[in-house]
Amino acid sequence: VAFALAGRIDIDMLNEPIRRIGRLGITLTFTRRFDERQRTLLERAAMGCPVHHSLRPDIDVPVRFIYPE
């Protein structure tokens with residue numbers, strides 16, 4: 001299944017007690033429509049990413065999925 005996807009990562013830094021990443025806000029914008037089953041599969045794949053699970057637990061990583069109307 002071919003589709004276009006735009007990704008954006010917003011990084012918020014903390015300065016205390018040392019300078020480090022405090023939040024990685026991820027937005028995934030899809031250009032094609034998906035049914036609920038397909039959306040569930042895509043979102044599970046994103047949330048099961050090994051990199052996502054390798055980050056420190058104190059780093060906030062909200063993931064937002066945007067689909068066309």
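1. Where does Pro17 lie? Pro17 is found in the loop between β1 and β2. The structure discussed in this note is a predicted model. The peptide bond joining Glu16 and Pro17 is cis, with an omega of about -5°. The connection to which this loop belongs is a hairpin, which joins β1 to β2 through 5 residues.

2. The two strands on either side of the hairpin are partners. β1 covers residues 5–14, and β2 covers residues 20–30. Their pairing is antiparallel and extends over 10 bridges. One of the residue pairs is Met13 with its bridge partner Ile21 in β2.

3. A salt bridge also links these strands. Asp12 and Arg23 form the contact, and their closest N and O atoms are 3.4 Å apart. Asp12 belongs to strand β1 and Arg23 to strand β2, so the pair ties together parts that are 11 residues apart in sequence. Across the whole structure, the search finds 5 salt bridges.

4. The second pairing in the sheet involves β3. Here β2 and β3 run in the parallel sense, and 4 bridges hold the pairing. Two positions illustrate the register: Thr27 stands opposite Arg64 in β3, and Thr29 stands opposite Ile66 in β3. As a general point, strands of a sheet pair through backbone hydrogen bonds, in either a parallel or an antiparallel arrangement.

5. The sheet as a whole may now be described. It is open and consists of 3 strands in the order β1-β2-β3, with mixed pairing. β1 and β3 (63–66) stand at the edges with a single partner strand each, so one side of each has no neighbour in the sheet. On average, neighbouring strands of this sheet are turned by 15° against each other, direction ignored.

6. A helix accompanies this sheet. Helix α1, formed by residues 36–47, lies across β2 and β3. Relative to β3, helix α1 runs at about 155°.

7. What is the volume of the largest pocket? The value is about 160 Å³. Two elements give two or more residues to its lining, namely β2 (20–30) and α2 (50–54). The largest share of the lining comes from β2, with 3 residues.

8. Which residues line the largest pocket? They are Ile9, Leu24, Ile26, Leu28, Ala46, Cys49, Val51, His52, Leu55, Val61 and Val63. By character, this lining divides into 10 nonpolar residues and 1 polar residue, with no charged residue.

9. In summary, β2 recurs throughout this description. This strand pairs with β1 in the antiparallel sense and with β3 in the parallel sense. Helix α1 lies across β2 as well as β3. β2 also gives the largest share of the lining of the largest pocket.

Note on methods. Residues are numbered from 1 along each chain as its sequence is written. This is a predicted model: local features need pLDDT of at least 70, side-chain atom pairs count only at pLDDT 80 or more; totals for chains, interfaces and linings use all residues. Side-chain values use heavy atoms; hydrogens and water are left out. On a 1 Å grid over the protein atoms alone, a cavity is a set of points where a 1.4 Å probe fits but cannot get out, and a pocket is an open set with protein on both sides within 12 Å along at least five of seven lines; lining residues have an atom within 4 Å of a point. Grid points are joined across faces, edges and corners, and a volume is the space filled by probe spheres set on the points. Ala, Val, Leu, Ile, Met, Phe, Trp, Tyr, Cys and Pro count as nonpolar, Asp, Glu, Lys and Arg as charged, and the others, Gly among them, as polar. Two strands pair if DSSP finds at least two bridges between them. Axes are lines fitted to C-alpha atoms, for helices over the stretch in contact, and angles run from 0 to 180 degrees between N-to-C directions. Contact means heavy atoms within 4.5 Å. A salt bridge is a side-chain nitrogen of Lys or Arg within 4 Å of a carboxyl oxygen of Asp or Glu.
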